[in-house]
Each structure stands twice: as C-alpha cells, then as structure tokens.
Amino acid sequence: MIHNKDESCHYETLYEEANGVVTRCPQCGMMQLAYGTSHYILGEWQFRKLDQKITAELHEVKEGACHDRKYFSIPVEHHVSRLFLSVNEAKELSNILQQAIWMANVNNTLKEG
Ligand SMILES: [Zn+2]
C-alpha cells in the first residue's frame, strides 16, 4: 500500500510485488505507479500509454544486449521525467503494468455490470 498524506483520493491496490506497486482511485481514475525508487501519479490513459511504450521498446532490444545494464530511457508524461531501465527491469515493469491493467479492466467490468 502506498501512503500519501497529501492526497484526497482513496487508492485501491491493483497490483503489488516487492519492487512495484500500482494503485488507482476508483472515483477519479488517477493511478499511482511506484517502481524501484520512482513514484508517479498518472491519469489512466497515461498509464496505459506507458505500458504501450515499454512494450514497443522491448520489441526493439538488439540481439546480444546485456539484460542487466541500463538500456532504456523511457519518457513518462510530458517528458519531464524518464524511466532509466535495464532490459530485465523493463520486462519486470511491463509485467507489473499489464497485471495492473488487467485488474483495472476487471474492476471496470464489475462496475458496469
Ligand atoms: Zn480520486
């Protein structure tokens, strides 16, 4: 669980593991992504866009690239901040984002039904 005293939103955890947490406010749809030492607050479509960017970057990894060395610099929202990731980290983060999106889709379906 992410503790953020400044927020009026009440975030629900969508996905959580040792190195990453994704939460969402069911009222306004704002998402929080904490991964490694970074913590981002994003709109839901920005969050989905980030997932698409990382997936696209992972398709471009050159054969023989070192998977533990920092390899990607992926922009997050308005290019103010970028994620600096190795291939292994990008794969891990991609998995976290996809698990969270899957959970968000389930929650949306439940709300509609
Ligand atoms: Zn909210």
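## Exercises on a predicted fold

Glutamate 17 sits across from glycine 20 of strand 2. Keep that pair in mind while working through the exercises; the model is a predicted one.

**Exercise 1. Work out how strand 1 and strand 2 pair, and how many residues lie between them.**

Start with the ranges: strand 1 covers residues 12–17 and strand 2 covers residues 20–24. Next, take two facing pairs. Glutamate 17 is opposite glycine 20, and threonine 13 is opposite threonine 23. Stepping back along strand 1 from glutamate 17 to threonine 13 takes you forward along strand 2, which fits the antiparallel sense of the pairing, made over 5 bridges. Finally, look at the link: the two strands form a hairpin, with 2 residues between them.

**Exercise 2. Place these strands in their sheet and find what packs on it.**

The sheet is open, has 4 strands and runs in the order 1-2-3-4 with antiparallel pairing. Now for the edges: strand 1 and strand 4 (38–42) each pair on one side only. On average, neighbouring strands here are turned by 10 degrees against each other, if you ignore direction. Then add helix 2 (residues 87–112), which packs on the sheet and touches strand 1, strand 2 and strand 3 (31–35). The direction of helix 2 makes about 150 degrees with that of strand 1.

**Exercise 3. Decide whether tryptophan 45 is buried or exposed.**

First, locate the residue: tryptophan 45 belongs to helix 1 (residues 44–59). Second, count neighbours: there are 10 C-beta neighbours inside 10 Å of tryptophan 45. Third, apply the cut-off: a residue with 12 or fewer is exposed. So tryptophan 45 counts as exposed. For a bit of spatial context, take methionine 31, which is 14 residues away along the chain: its C-alpha atom and that of tryptophan 45 are separated by 9.5 Å.

**Exercise 4. Zoom out: read off the overall pattern and judge how compact the protein is.**

Begin with the inventory, which is 2 helices and 6 strands. Along the sequence they follow β-β-β-β-α-β-β-α. Now compare sizes: the radius of gyration is 14 Å, close to the 13 Å the globule rule gives for 113 residues, so the protein is as compact as a globular protein of that length. The C-alpha trace spans about 45 × 30 × 30 Å along its principal axes. Two percentages round things off. Buried residues make up 21% of the 113 residues. Among contacts with a separation of 6 or more, 34% come from residues 24 or more positions apart.

Conventions
Residues are numbered from 1 along each chain as its sequence is written. This is a predicted model: local features need pLDDT of at least 70, side-chain atom pairs count only at pLDDT 80 or more; totals for chains, interfaces and linings use all residues. The radius of gyration is taken over C-alpha atoms; the globule rule is 2.2 Å times the number of residues to the power 0.38. A residue is buried if 20 or more other C-beta atoms lie within 10 Å of its own, exposed if 12 or fewer, and partly exposed in between; C-beta atoms are placed from the backbone. Two residues are in contact if their C-beta atoms, placed from the backbone, lie within 7 Å. Two strands pair if DSSP finds at least two bridges between them. Axes are lines fitted to C-alpha atoms, for helices over the stretch in contact, and angles run from 0 to 180 degrees between N-to-C directions.
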